[in-house]
Amino acid sequence: MDKSRVEPVRHEYLYSVLNVPTTASANEIRERYRALSVIFHPDKQRGERTKDTAAVEFLEIQKAYEVLSDPFLREVYDFLGEDALKNPWPTELRSQSVEQIRAHLRHWRIDRSQEVFDNLIRPRGTVTCGINASTLFARGDDLDYDSRGILARFCGVRVSQFAIRHSVTKVLNEKTNLKFTSHLGLGPRNGLLSRNNLMGTIRHQFSPRLALEATAHFLDPHLVVAKASYEDNDNTLNCRVHFIPAFWNLLPPASTVSFSRRLFRHASTVGSVAWTFSPLSMGSFEFDIHSPQPFDFSSPENYVHYTDRMNADFTNKPGSVSGFGVGLRAWSCGFQLSGLNSCIKTEWSIWFFELSLRFKAGLEVGFRQLAYLVTATWTNTNVAISTSFGVSTKGLIMRFELEYLHQKWILPITLSGVRNQTLEFFSAVLPSTVLLLGYHFVLKPRRQLQRTLYFRKAERLLKEENSQLKRRIDDTVGLLSETAKRHMQTERSRGGLVILSAMYGPETDAKNLTIDVTVPVQALVHNSQLHVPGHRTKAGIQGFYDPAPASPKSLRVRYLFRDRQHYAEIPDYIPVVLPLPGVFIVLV
């Protein structure tokens with residue numbers, strides 16, 4: 001496009017190139033393109049100067065026609081403008097209706113504007129509203145006579161805490177960013193950090209491994225926090241210092257030093273230690289071991305060594321039917337030494353990637369209290385919902401969290417100030433029941449819909465590639481047919497291994513993606529034996545191809561051996577050895 005021209009209205013420029021209205025039909029656009037092509041085609045020009053000018057005009061005319069003659073690209077241009085034409089749109093959009101396309105483009109525009117705004121200043125906000133509802137569930141003996149009525153109990157509910165925290169981050173360059181944070185809190189103040197304040201933080205990444213960060217509180221008590229961190233592939237070292245400049249000579253700075261290291265070469269288990277010194281307390285020492293382990297029982301990585309599965313990509317796959325086949329489980333345990341606050345703690349969590357669902361349970365045993373916490377979290381692209389309940393000697397607290405576009409709302413509710421076993425039981429049962437119903441009626445149907453859409457997309461892509469791919473496969477099968485026929489005759493004469501049928505494809509839900517590989521498999525038979533090595537896909541064998549990438553597949557073989565019919569179904573990454581008594585099933 002000639003940049004020397006004055007830029008017209010963004011969404012109508014290509015229409016002005018062809019000199020047609022925005023309501024022009026496909027026929028009108030085609031006729032206008034043909035008329036202009038006759039005038040500005042470079043081959044029809046005589047002089048070199050006019051030929052160069054005509055070439056520029058002709059390229060603009062051709063580009064305008066390519067966009068406006070394509071119904072889908074025309075919708076994209078009309079709705080989003082010329083810049084959106086560069087976006088790699090999903091191919092399945094072209095087969096949808098105009099209303100569906102416009103709805104998708106509308107959502108894309110909203111998401112894009114949110115992304116641009118988020119990258120500009122990265123706004124983050126948190127609103128916390130604590131509710132003390134202990135009077136609703138308190139035993140009658142624990143209340144005054146006048147407070148035992150229903151109305152009196154509800155009147156006893158009060159807001160115990162309210163806090164707002166908001167921050168914006170400005171990226172100065174690729175290594176430095178500046179962050180401003182404001183904090184406003186109402187309620188009891190527990191320490192200097194919980195007071196209302198305005199904070200500024202600057203962070204500089206000196207190298208991929210070393211970063212420095214400094215935070216200053218602009219209001220009283222003018223706390224300054226300095227942090228340095230070093231990280232490589234196996235080690236992480238953090239140093240943090242808190243101090244108040246006005247009391248520098250009176251109080252030494254509070255310091256925290258933590259170090260973590262990967263303990264094993266072929267596993268992701270990490271051990272960490274942390275030491276904290278504080279002039280106002282006796283300090284503390286912490287030790288912790290954390291071990292995450294991904295799992296994938298819905299794809300071929302399940303049959304690969306653990307170290308290869310660590311880097312498995314869990315996206316763009318059909319996954320499991322239930323949604324519990326792909327995820328990450330982790331455990332951690334450790335202890336803290338801090339006088340009477342010393343304790344032993346352990347935590348276990350599991351994350352189901354397909355359902356975007358995470359469960360976490362923690363237990364803490366100390367001199368002062370015994371506490372446990374259970375949390376369930378569901379996350380989506382822009383939304384996260386979390387619920388948890390914790391029990392300790394201080395009572396029972398339920399906590400609800402909602403996050404949308406990096407804005408978080410937290411609602412902790414104190415249900416009881418003392419241990420109440422009946423209340424603890426229902427606090428665990430009711431959320432669990434809601435979660436089970438949500439899985440059965442929402443998450444599981446959503447998972448099944450995702451699998452259906454995946455296989456439909458695979459079928460469509462297979463049809464688009466079918467002409468060239470099918471020709472190559474047919475030619476390969478034709479080359480193998482004589483060998484397969486000769487092997488079959490030899491095996492029949494000796495009562496050996498004869499392949500009746502062999503099908504290769506996804507294990508379930510995709511019958512249209514199953515391919516016939518009878519001839520290629522028969523060609524592999526030698527001396528009444530069939531052997532295919534494992535730990536790799538079978539799609540590379542001559543006459544095979546992958547009908548559904550990233551989907552777990554299997555080879556289903558029906559064959560004769562010693563004039564008896566057998567059937568074997570072998571997952572893609574498992575070796576094939578036929579006949580083998582431990583693998584086949586005898587059909588009566």
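**Figure 1. The hairpin of β12 and β13 in the predicted model**. In this predicted model, strands β12 and β13 form a hairpin in which 4 residues lie between the two strands, and Ser356, a residue of the turn, has a positive phi of about 55°. Strand β13 covers residues 357-366, and its pairing with β12 is antiparallel, extending over 10 bridges. Within this pairing, Ser349 has Lys360 of β13 as its bridge partner.

**Figure 2. The hairpin of β11 and β12**. Strand β12 (residues 343-352) also pairs with strand β11 (residues 326-337), in the antiparallel sense and over 10 bridges. One of the bridge partners in this view is Lys345 of β12, which is matched with Gly334. The two strands form a hairpin with 5 residues between them, and the turn includes Gly339, whose phi is positive at about 60°.

**Figure 3. The second largest pocket and its lining**. The pocket shown here, the second largest, has a volume of about 630 Å³. Its lining is made up of 27 residues, of which Ala371, Tyr372, Leu373, Gly390 and Ser392 are the closest to the centre of the pocket. Strands β11, β12 and β13 each give two or more residues to this lining, as do β14 (370-379), β15 (383-392) and β16 (395-404). Divided by class, the lining residues of this second largest pocket are 11 nonpolar, 9 polar and 7 charged.

**Figure 4. The largest cavity**. The count of cavities of 30 Å³ or more comes to 1, and the largest cavity has a volume of about 30 Å³. The residues that line this largest cavity are Val521, Leu524, Leu530, Val532, Lys538, Ile541, Phe544 and Leu555. The elements that give two or more residues to the lining are α11 (518-524) and β20 (530-532). By class, the lining of the largest cavity holds 7 nonpolar residues and 1 charged residue, with no polar residues.

**Figure 5. The aromatic pair of Tyr33 and Tyr65, with Asn19**. The count of aromatic pairs in the model comes to 15. In one of them, Tyr33 and Tyr65 form a stacked pair, with the ring centres 4.0 Å apart and an angle of 10° between the planes. This pair links distant parts of the chain, since Tyr33 lies in helix α2 (residues 26-40) and Tyr65 in helix α3 (residues 48-68), 32 residues apart. Tyr33 has a relative accessible area of 16% and therefore counts as buried, the cut-off for this class being under 20%. Asn19 lies in the loop between α1 (13-18) and α2, and with a relative accessible area of 57% this residue is exposed. Asn19 and Tyr33 are separated by 14 residues in sequence and by 9.6 Å in space, C-alpha to C-alpha.

**Figure 6. The aromatic pair of Phe285 and Phe335, and an aromatic cluster**. Phe285 and Phe335 form a tilted aromatic pair, 6.4 Å centre to centre and with 45° between the planes. Because Phe285 lies in strand β10 (residues 284-296) and Phe335 in strand β11, the pair ties together parts that are 50 residues apart in sequence. Phe285 counts as partly exposed, at 33% relative accessibility, and Phe335 likewise counts as partly exposed, at 31%. In addition, Phe295, Phe324, Phe352, Phe359 and Tyr439 form one aromatic cluster.

**Figure 7. The cis peptide bond at Pro579**. The peptide bond that runs from Leu578 to Pro579 is cis, and its omega is near -5°. Pro579 lies in a loop, between β23 (576-578) and β24 (585-586).

**Figure 8. Positive phi at Leu405 and Asp563**. Leu405, a residue other than glycine, has a positive phi, near 55°. This leucine lies in the loop between β16 and β17 (407-416), and Leu405 is partly exposed, with a relative accessible area of 26%. Asp563, which is also a residue other than glycine, has a positive phi near 60°. Asp563 lies in the loop between β21 (553-561) and β22 (564-571), and at 67% relative accessibility this aspartate counts as exposed.

Conventions: Residues are numbered from 1 along each chain as its sequence is written. This is a predicted model: local features need pLDDT of at least 70, side-chain atom pairs count only at pLDDT 80 or more; totals for chains, interfaces and linings use all residues. Side-chain values use heavy atoms; hydrogens and water are left out. Two strands pair if DSSP finds at least two bridges between them. On a 1 Å grid over the protein atoms alone, a cavity is a set of points where a 1.4 Å probe fits but cannot get out, and a pocket is an open set with protein on both sides within 12 Å along at least five of seven lines; lining residues have an atom within 4 Å of a point. Grid points are joined across faces, edges and corners, and a volume is the space filled by probe spheres set on the points. Ala, Val, Leu, Ile, Met, Phe, Trp, Tyr, Cys and Pro count as nonpolar, Asp, Glu, Lys and Arg as charged, and the others, Gly among them, as polar. Rings of Phe, Tyr and Trp (its six-membered ring) pair if their centres lie within 6.5 Å; planes under 30 degrees apart count as stacked, over 60 as edge-to-face and the rest as tilted. Buried means under 20% relative accessible area, exposed over 50%, partly exposed in between (1.4 Å probe, protein chains only).
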